[in-house]
Amino acid sequence: MIDLVSLTIPTAYLSVLVGSLATFSSLYRKRKAAQSAALEPWFGPHLQRDIYLSLLHLEPEPGKDKSPTIPDGVLKAALLQRATEDIKRILEVRNSKQALSNLLQRGSVGDDLWQRFLRAEKEIEAELRDVVQEANALQADWGQTIFQSANEMHQNAILREKLNAIQAQGKADREWWDQEKATIQSNFMKELDEGEKENAKPAAAPSADKVGSDEDAVIVEGGGPASSGVATGSKGGPKKRKAKK
């Protein structure tokens with residue numbers, strides 16, 4: 001016969017163990033969910049989504065039963081702006097994932113930052129599905145091409161920002177060059193004026209000592225060859241012969 005008493009103890013032990021594990025798992029999941037909810041969101045408020053939802057669910061004005069009808073063109077434009085903002089966030093998530101993963105492996109960032117990133121990634125996926133559904137509700141099969149149009153708008157906006165930055169930089173460079181050119185011209189004109197003033201000054205008269213030394217030099221030079229010739233003629237010159245009778 002089977003001893004029920006001997007089976008009761010292992011059964012009770014297993015029951016307590018399974019119950020403890022289940023309780024611990026439930027408490028752990030609730031704690032992680034609470035921590036995840038308390039984390040700061042990765043992205044800021046989605047203004048374009050809020051505008052679209054506000055247009056889609058307008059409340060009736062005071063004293064009226066029906067809410068105002070929003071044209072489909074306005075709703076499409078608002079949804080397209082929402083998709084454009086989603087494109088920006090998708091690109092940011094894709095560009096940040098690899099770098100953030102490497103930093104997490106090295107221990108440079110905490111697990112909280114990684115949890116924020118994972119939650120943002122899930123929110124983006126849910127947002128994309130919602131946009132596709134809204135696009136198909138406004139126009140048949142528009143959900144297949146709405147993000148292509150949104151990407152083109154995003155690239156156009158980036159190009160426009162670059163052009164504006166180049167134009168602003170060109171304007172600043174032009175102003176700097178005008179100032180530099182004016183400075184160079186003013187300095188050049190000052191140098192010309194100083195040169196003209198120096199050339200206009202009268203030459204200084206020679207001093208008396210300098211004049212005397214010049215005369216002495218002339219006397220010495222004049223008495224050289226001429227005086228030696230005269231002295232030679234008076235002393236050692238040939239005597240004249242008497243003529244024969």
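Contact here means heavy atoms within 4.5 Å, and the structure discussed is a predicted model.

Q: Which residues does Glu127 touch, not counting residues up to four places away in sequence?
A: Glu127 is found in helix α4, and the neighbours in question are those that remain once residues up to four places away in sequence are not counted. On that basis, Glu127 touches His46, Arg49, Arg82 and Asp86.

Q: Which residue is joined to Glu127 by a side-chain polar contact of 2.6 Å?
A: Among the residues that Glu127 touches are Arg49 and Arg82. The polar contact of 2.6 Å runs between the side chain of Glu127 and that of Arg82.

Q: Is Glu127 buried or exposed?
A: Buried means under 20% relative accessible area. The relative accessible area of Glu127 is 5%, so Glu127 is buried.

Q: What is the relative accessible area of Glu123, which is partly exposed?
A: Glu123 lies in helix α4, and the C-alpha atoms of Glu123 and Phe43, although 80 residues apart along the chain, are separated by 9.9 Å. The class of partly exposed lies between the cut-offs of 20% and 50%, and Glu123 falls within this class because its relative accessible area is 44%.

Q: Which helix gives the most residues to the largest nonpolar core?
A: The largest nonpolar core has 14 residues, and Leu79, Ala83, Val131, Trp142, Ile146 and Phe147 touch the most other members. At least two residues of this core come from each of α3 (72–106), α4 (111–138) and α5 (146–200). With six residues, the helix that gives the most is α3.

Note on methods:
Residues are numbered from 1 along each chain as its sequence is written. This is a predicted model: local features need pLDDT of at least 70, side-chain atom pairs count only at pLDDT 80 or more; totals for chains, interfaces and linings use all residues. Side-chain values use heavy atoms; hydrogens and water are left out. A nonpolar core is a set of buried Ala, Val, Leu, Ile, Met, Phe, Trp, Tyr and Cys residues joined through side-chain atoms within 4.5 Å. Buried means under 20% relative accessible area, exposed over 50%, partly exposed in between (1.4 Å probe, protein chains only). Helices (H or I, at least four residues) and strands (E, at least two) are DSSP runs, numbered from the N terminus. A polar contact is a pair of N or O atoms within 3.5 Å; within protein, one must be able to donate a hydrogen and the other to accept it, and residues adjacent in sequence count only if both atoms are side-chain atoms.
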